[in-house]
Protein chains: 6
Amino acid sequence: MKISARNQLKGKVVEINKGATTAHVRIEVAGGAIVTASITNEAVDALGLTVGGDAYAVVKASDVMIAVD
Amino acid sequence: MKISARNQLKGKVVEINKGATTAHVRIEVAGGAIVTASITNEAVDALGLTVGGDAYAVVKASDVMIAVD
Amino acid sequence: MKISARNQLKGKVVEINKGATTAHVRIEVAGGAIVTASITNEAVDALGLTVGGDAYAVVKASDVMIAVD
Amino acid sequence: MKISARNQLKGKVVEINKGATTAHVRIEVAGGAIVTASITNEAVDALGLTVGGDAYAVVKASDVMIAVD
Amino acid sequence: MKISARNQLKGKVVEINKGATTAHVRIEVAGGAIVTASITNEAVDALGLTVGGDAYAVVKASDVMIAVD
Amino acid sequence: MKISARNQLKGKVVEINKGATTAHVRIEVAGGAIVTASITNEAVDALGLTVGGDAYAVVKASDVMIAVD
């Protein structure tokens, strides 16, 4: 499946923290930055995510803001 | 100003493309990935964004999805 | 690629309307409802979308609201 | 109240799963697809949602992505 | 229609700026703050929005961030 | 840090409710309206949010909808 979301950063899962319904998944992307995703517990299971596995952080362009110092 | 958005990727503006009301801004972040943001033309002006300038791509954790191959 | 977004509705592209930077794409999904997506012109080109082609409307669960009459 | 969100899919609530602060609500829409919404527990109560009740899944066009196989 | 979105700020439309596909609508809410919405041109027409008319700015709780100085 | 998000409503934190992973923070903004934000528990800690403290509710224009009665 190819998706319209313009941002697809390749990396490795470094942490999975499941809550009651919502999980936080951290991906270390190229360059060493950590990207945090808040997704459903159900999605964690459906994708079979595990710490150390390859994954992409995917973000729609309209959900990206720009900031300056 | 410190913001709750968990993802703040430092980089440089590599392209600004203004449309009628909506602009696309591309940031090259650490590791060389390009992040595309769709923001208002007005925000481009308010931040004084210019190609080559330093900037952050900022994303709320609830707007990040995870994908696997 | 498998994505964490919980909602992936299969359908056919019935309209593509490109603006200056932002396109509106309409998908007729099973049951006959029309789903409207606002995506970048660039994504329309990258996916090779054409009217009549098969496509999915994809939505992260945290972007779905519920309403009642 | 009429809302600008372009996507309003009519259906029936088939599941409500409350977490600590965030609930997952599933709506079966026309054509039989299940749409999952992640909303606040508070909103579930405010709307008086119950399994079997009529409801709409509502999504802003800028939150819809397109995918192709 | 009652919607799950927790934030519904009452006000008056003070500006409508239509682009090629995307419009910016500004609402002056109680207390005098101006809220800017980026919505489809089509939604502006469907709601019959006019400058000076009453309207609500509606935001899902998961789309609100918090910042501190 | 200056951010592209067009909506930055100043106010005071009136409630913080942490769940398993997701917190709900309420801000009373000018004019007396209450704005609810759903953010990560981690962000509450990183910003050092406390009830009674000054804070802004920040929303990207593309996440604001308009409604009429």
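This briefing covers how the chains of the structure meet, how their strands pair and how the copies are related. The model is predicted. Chain B and chain A bury about 2800 Å² between them, and chain E and chain B bury about 1100 Å². A turn of 180 degrees lays chain B on chain A, and a rotation of 120 degrees superposes chain E on chain B.

**Interface of chain B and chain A**

- The contact is made by 32 residues of chain B and 32 residues of chain A.
- Of the area of about 2800 Å² buried between chain B and chain A, carbon and sulfur atoms give 66%.
- On the side of chain B, the residues that lose the most area to chain A are B:Tyr56, B:Met65 and B:Ile66, which together make up 21% of what that side buries.
- The rule finds zero salt bridges across the interface of chain B and chain A, but ten residue pairs in polar contact, both residues at pLDDT 80 or more.
- Two or more residues each come to this side of chain B from strand 2 (7–18), strand 3 (22–29), strand 4 (34–40), strand 5 (54–59) and strand 6 (65–68) of chain B.
- Sorted by class, the side of chain B that touches chain A holds 22 nonpolar, five polar and five charged residues.
- The copies meet through the same surface, because 100% of the interface residues of chain B are also interface residues in chain A.

**Strand pairing between chain A and chain B**

- Strand 5 (residues 54–59) of chain A and strand 6 of chain B run antiparallel and are joined by three bridges.
- A:Ala57 has B:Ile66, in strand 6 of chain B, as its bridge partner.

**Relation of chain B to chain A**

- The turn of 180 degrees comes with a shift of 0.0 Å along the axis, and chain B then lies on chain A with an RMSD of 0.0 Å.
- The two copies are thus related as by a two-fold rotation axis.
- B:Gly31 has the C-alpha nearest the axis in chain B, at 1.8 Å from it.

**Interface of chain E and chain B**

- Chain E gives 15 residues to the contact and chain B gives 13 residues.
- Carbon and sulfur atoms give 57% of the area of about 1100 Å² buried between chain E and chain B.
- In chain E, the residues losing the most area to chain B are E:His24, E:Met65 and E:Val68, together 37% of what that side buries.
- One salt bridge is counted between chain E and chain B.
- E:Arg26 and B:Glu42 form a salt bridge in which the closest N and O atoms are 1.8 Å apart.
- Six residue pairs are in polar contact across the interface of chain E and chain B, with both residues at pLDDT 80 or more.
- The elements of chain E that give two or more residues to the side touching chain B are strand 2 (7–18), strand 3 (22–29) and strand 6 (65–68).
- Strand 6 of chain E gives the most to that side, with four residues.
- By class, the side of chain E that touches chain B has six nonpolar, five polar and four charged residues.

**Strand pairing between chain B and chain E**

- Strand 1 (residues 2–3) of chain B is joined by two bridges to strand 6 of chain E, and the two run antiparallel.
- B:Ile3 stands opposite E:Ala67, which is in strand 6 of chain E.

**Relation of chain E to chain B**

- Chain E superposes on chain B with an RMSD of 0.0 Å after the rotation of 120 degrees, with 0.0 Å of shift along its axis.
- That is the relation of a three-fold axis.
- In chain E, the C-alpha of E:Ala20 is nearest the axis, 3.4 Å from it.

**A sheet built from chains D, C and E**

- Six strands form an open sheet with antiparallel pairing, in the order 4(D)-3(D)-2(D)-5(D)-6(C)-1(E).
- Strand 4 (34–40) of chain D and strand 1 (2–3) of chain E stand at the edges, each with a single partner strand, so one side of each is left without a neighbour in the sheet.
- Within chain D, strand 2 (residues 7–18) and strand 3 (residues 22–29) pair in the antiparallel sense over seven bridges.
- D:Ile16 stands opposite D:Val25, in strand 3 of chain D.

**Salt bridges in the whole structure**

- Over all chains, the search finds 30 salt bridges.
- A:Glu15 and A:Arg26 form a salt bridge, with the closest N and O atoms 3.4 Å apart.
- A:Glu15 lies in strand 2 (residues 7–18) and A:Arg26 in strand 3 (residues 22–29) of chain A, so the pair ties together parts that are eleven residues apart in sequence.

Definitions and conventions: Residues numbered from 1 in each chain as written. Chains lettered and ligands numbered in written order. Predicted model: local features only at pLDDT ≥ 70, side-chain atom pairs only at ≥ 80, totals over all residues. Heavy atoms only, no water. Contact = heavy atoms within 4.5 Å. Buried area = accessible area lost by both parts, 1.4 Å probe. Salt bridge = Lys/Arg side-chain N within 4 Å of Asp/Glu carboxyl O. Polar contact = N/O pair within 3.5 Å; in protein donor to acceptor, adjacent residues only side chain to side chain. Nonpolar A, V, L, I, M, F, W, Y, C, P; charged D, E, K, R; others polar. Pairing = 2+ DSSP bridges. Least-squares fit on C-alpha atoms with pLDDT ≥ 70 in both.
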